[in-house]
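Student: I'd like a close look at one part of this model, chain B. Please take it slowly, since I'm new to this.

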Amino acid sequence: MAMTTIGIWVAAILTLAIYSFLYRDNPIYKLAEHILVGVSLGYFVGLYWHTTLIPKLWVPLVEGGNVLVLVPLAMGLLMLTRFSLRWSWLSRVPMAFVIGAGAGVSIPTAVDARVYRQIEATMIPLTSLSSVILVVGVAATLVYFLFSVRHEGALGKVATLGTWFLMVGFGATFGYTVMARISLLIGRMQFLLGDWLHLLAD
Amino acid sequence: MAKRGVPLALCFVMGVLMAVQFFVPHPLSRYVYENVLDWMQIVSVFALAVGVIGLGRIHWRRVVVRRAGWRYSIATLAGLAVMGILGVVGGIEQGTPYAWLFRYVQAPMQSTMMSLLAFFVVSAAYRGFRVRTREAGILLAAAMVVMLGRVPIGEAIHRAIPIASNWVLNVPNTAAMRGITIGIGLGAISTSLRIIFGVERSYLGVE
């Protein structure tokens with residue numbers, strides 16, 4: 001209970017420290033900002049230690065006797081050569097491994113999820129005005145992204161239509177983002193006025 | 001030669017191997033795929049270590065030479081050390097000091113930081129949403145309909161507003177996002193091929 005109370009006070013003070021930026025940039029905000037940077041990085045240290053290094057490296061190697069995991073361990077250690085001017089080129093090996101494997105994995109994934117599934121979802125019966133608008137919108141947006149052909153004549157008109165669809169998409173995304181930020185603001189206000197100051201009715 | 005040739009060859013082999021394994025429904029292929037994904041995670045942890053050491057070195061140097069703002073660097077180093085050590089030594093489960101720090105320090109600060117953007121987004125919208133072109137007008141109209149449709153006042157103004165908001169999200173917005181997604185997919189495929197075949201090699205850095 002005491003730790004919860006201390007925690008609420010700490011969270012409230014840090015929240016106010018960050019909101020002090022609304023007045024102007026100041027030392028209190030800078031202090032909170034720097035704490036956040038350190039704590040956020042420390043969070044990943046703890047997280048990856050327990051979710052990756054221990055279960056995927058230490059346990060298979062020490063308890064399971066799987067010497068194959070020495071390969072990623074060696075590559076990981078090569079990554080640390082970035083701090084040496086003479087040997088930093090060795091860090092290209094693990095980089096190449098991760099980037100090459102990542103690129104290989106992303107090809108079938110992109111074909112399936114980003115292309116095939118999207119086209120499949122667009123091939124719908126044109127039984128309503130909305131379905132017609134959806135199909136025309138996807139086609140027009142794709143035409144807009146066709147940069148290897150001049151947007152002139154009929155193609156130009158379709159590309160302009162694509163621009164309008166894109167503007168609706170950006171507007172909707174903007175509206176959604178604003179509402180998400182406002183929700184967070186309401187959440188912080190509820191925390192300060194409710195959990196901390198107990199001014200809100202339960 | 002070895003400085004660039006070995007990484008390029010490794011990138012090609014891993015790229016082709018991981019792309020081809022998707023089409024080979026064999027237990028061995030699955031085993032290789034899962035192992036390589038685990039290995040990528042292990043290597044990525046060391047990439048994080050490079051980041052931690054780099055950040056630590058920069059801030060440590062600022063403190064040692066008393067450069068401007070060095071006192072803030074102490075806060076960064078303290079936050080990194082406390083959270084990192086508590087996480088490694090004490091565990092990350094509920095009830096640990098690490099979880100307490102996450103709940104009462106990191107999470108509130110992150111969500112406050114994000115909520116701070118609400119103020120700046122509104123001021124940016126005020127400056128950016130001047131309706132000078134047809135496109136800007138369409139963008140403004142879509143944003144207004146979506147925002148009004150998400151709050152009770154929208155329905156109070158007219159009950160069609162939430163319906164219009166949902167329609168905008170589900171039909172023209174979906175059409176645009178689907179077009180963008182297909183474009184991103186094609187771009188990702190071409191970029192991946194460029195990386196695998198060594199056309200794109202910026203990750204190797206400069207000599």
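Tutor: One bit of vocabulary: a helix here is a DSSP run of H or I with at least four residues, a strand is a run of E with at least two, and both are numbered from the N terminus. Keep in mind that you're looking at a predicted model.

Let's begin with what the record says about chain B. UniProt, in an unreviewed entry, puts "transmembrane region" at residues 7-24, 39-60, 72-92, 112-129, 136-153 and 175-197 of chain B. Try finding two of those spans in the model. Residues 136-153 of chain B are 89% helix and 0% strand, and the C-alpha atoms at the two ends of that span sit 24 Å apart. Now slide along to residues 175-197 of chain B: that span is 96% helix, again with 0% strand, and its end C-alpha atoms are 33 Å apart.

Next, have a look at the surface. Ten side chains may be worth colouring in: Phe12(B), Val13(B), Val16(B), Val20(B), Phe22(B), Phe23(B), Val24(B), Leu193(B), Phe197(B) and Val199(B) make up a nonpolar surface patch. Together they offer about 920 Å² of accessible area. Which helix gives the largest share of the patch? That's helix α1 of chain B, residues 2-21, which supplies four of the residues.

Pick out Val16(B), which belongs to helix α1 of chain B. Val16(B) has a relative accessible area of 32%, so it is called partly exposed. A residue needs over 30% relative accessible area to join a patch, and with its 32% Val16(B) clears that mark.

Now leave the patch and go to the loop between α2 (27-64) and α3 (70-90) of chain B, where you'll find Arg66(B). What's odd about the backbone there? Most residues other than glycine have a negative phi. Arg66(B) isn't a glycine, yet its phi is positive, about 55°. Is Arg66(B) buried or exposed? The cut-off for exposed is over 50% relative accessible area, and Arg66(B) has 52%, so it counts as exposed.

If you want something to set beside that loop, hop over to chain A. His198(A), in the segment after α6 (153-196) of chain A, is another residue other than glycine with a positive phi, near 55°. His198(A) is exposed too, because its relative accessible area is 63%.

Conventions:
Residues are numbered from 1 along each chain as its sequence is written. Chains are lettered from A and ligands numbered from 1 in the order in which they are written. This is a predicted model: local features need pLDDT of at least 70, side-chain atom pairs count only at pLDDT 80 or more; totals for chains, interfaces and linings use all residues. Side-chain values use heavy atoms; hydrogens and water are left out. Patches are made of residues with over 30% relative accessible area and no salt bridge: like charges are joined within 9 Å, nonpolar side chains (Val, Leu, Ile, Met, Phe, Trp, Tyr) within 5 Å. Accessible areas come from the Shrake-Rupley method with a 1.4 Å probe; for residues, only the protein chains shown count as cover. A salt bridge is a side-chain nitrogen of Lys or Arg within 4 Å of a carboxyl oxygen of Asp or Glu. Buried means under 20% relative accessible area, exposed over 50%, partly exposed in between (1.4 Å probe, protein chains only). UniProt positions are given in the numbering used here, feature names are shortened, and annotations may be inferred rather than shown by experiment.
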